Amino acid sequence: MEAAEHKEPNYWGVFGALLILTLAEVGVFYMHLPRLVMVLSLVIMALAKAGLVAAYFMHLALEKRTLALIVISPLVLSGVIIIGLTPDSVFNYPRQPPEKWVLPGEEEPKGEPGGEPSAAPAQEQPAPPPAQPPQPAAPADGGPA
Amino acid sequence: MDPAQPSPLSPNWGKIMMWLFLMSDAMSFAGLLCAYAAVRMSNPLWPVPSSILGVPLTALNTFILICSSVTMVKAVSAIQKGDVAGLKKFLVFTMLGGTAFLSIQAYEWTHLIREGLTVQKSLFGATFFVLTGFHGCHVFSGVVYLGCILAATFRGRYSAQRWESVEIVGLYWHFVDLIWILVFTFVYLI
């Protein structure tokens, strides 16, 4: 290894960027933004952090271009996994349909008059599917990912 | 191969081998993360993760792991300058960071299991424990791997001319940090 080959990047600068991005992520998390905005910004920030670590801590940006190509090319396959799994998750939704769908205009049959008519139909299920967590988590907030 | 062509593996074949291992490892994490996404998106009753998991403690853990990555790059740059004492010091700091991470994770797991979240209870528990557990195994292996490099340092193995293995353990360690950044975002925050 020639000395010229490993000029040190500004590690403290990278550390600061990672720290700021982490704080921004936690901040976005607590801001209660619309779900799509929150998910998109969190994913972008996480990928930016991962890229910073790979490029500077792992020296990918400072190595020969060939190494970066060797490293990045297999990651295309993880895109294939996503494409392969998307039909399963998107078109199967919801996997267990509720016993009776309640349309928005309809009165709820046999429901309490004070009940929320706008509640998600999945909540009316008497027996929750096995995927429900043991904690009394509010399923109304736990919308789809 | 044409002997006149320089081999793509020279002079750093060890580094390229580590990169290839890390990429195959990345594929197993990609598989786990994609399976998690598929299970979660097809399940309308998936809970909000933060209603069960503690975000502040995990954010602290993320911070600890990022700090240990910084001490790792400091270890590599110390030995590149021939500073063996600095290498020892920063390797120990990095191992302490990894151990602190594992301890906090062990505390978190104990707490969650006592509250009734287990692998077999729900899909949420299964994906949570498999993803964080697989990553935790990597952190544990990383601490052991760093310990081996530290032992070799005490035997006088590394110098300003010879530090490839330290850089390679660094690659592994940063990769574990990189994966945690993704796991923290996808499992805890989103």
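Which residue just after α1(A) takes a positive phi? That residue is His32(A), with a phi of about 55°. Welcome to this predicted model; the points below look at helix α1 of chain A and then at the place where chain A meets chain B.

**Helix α1 of chain A**
- This helix runs over residues 11-30, 20 residues in total.
- From first C-alpha to last, α1(A) reaches 29 Å, close to the 28 Å expected at 1.5 Å a residue.

**Its two sides**
- Buried residues of α1(A) include Tyr11(A), Val14(A), Phe15(A), Leu18(A), Leu21(A) and Thr22(A), and further along the helix Glu25(A), Val26(A), Val28(A) and Phe29(A) are buried too.
- The buried residues cover an arc of only 160° around the axis, so they lie on the same side of α1(A).
- A general point helps here: an α-helix has 3.6 residues a turn, so residues three or four places apart point the same way.
- Trp12(A), Ile20(A) and Leu23(A), on the other side of α1(A), are exposed.
- Among the elements covering the buried residues are α2 (35-57) of chain A and, from chain B, α2 (55-80) and α5 (164-189).

**Where chains A and B meet**
- The contact involves 61 residues of chain A and 63 residues of chain B.
- Together the two chains bury about 5400 Å², with 76% of it on carbon and sulfur atoms.
- One salt bridge is found across the interface: Glu63(A) pairs with Lys15(B), their closest N and O atoms being 2.8 Å apart.
- Three residue pairs are in polar contact between the chains, counting pairs with both residues at pLDDT 80 or more.
- On the side of chain B that touches chain A, α1(B) gives the largest share, 15 residues.

Notes. Residues numbered from 1 in each chain as written. Chains lettered and ligands numbered in written order. Predicted model: local features only at pLDDT ≥ 70, side-chain atom pairs only at ≥ 80, totals over all residues. Heavy atoms only, no water. Helix = DSSP H or I, 4+ residues; strand = E, 2+ residues; numbered from the N terminus. Expected span 1.5 Å × (residues − 1). Buried < 20%, exposed > 50% of the residue type's maximum accessible area, 1.4 Å probe, protein only. Arc of directions from axis to C-beta. Contact = heavy atoms within 4.5 Å. Buried area = accessible area lost by both parts, 1.4 Å probe. Salt bridge = Lys/Arg side-chain N within 4 Å of Asp/Glu carboxyl O. Polar contact = N/O pair within 3.5 Å; in protein donor to acceptor, adjacent residues only side chain to side chain.
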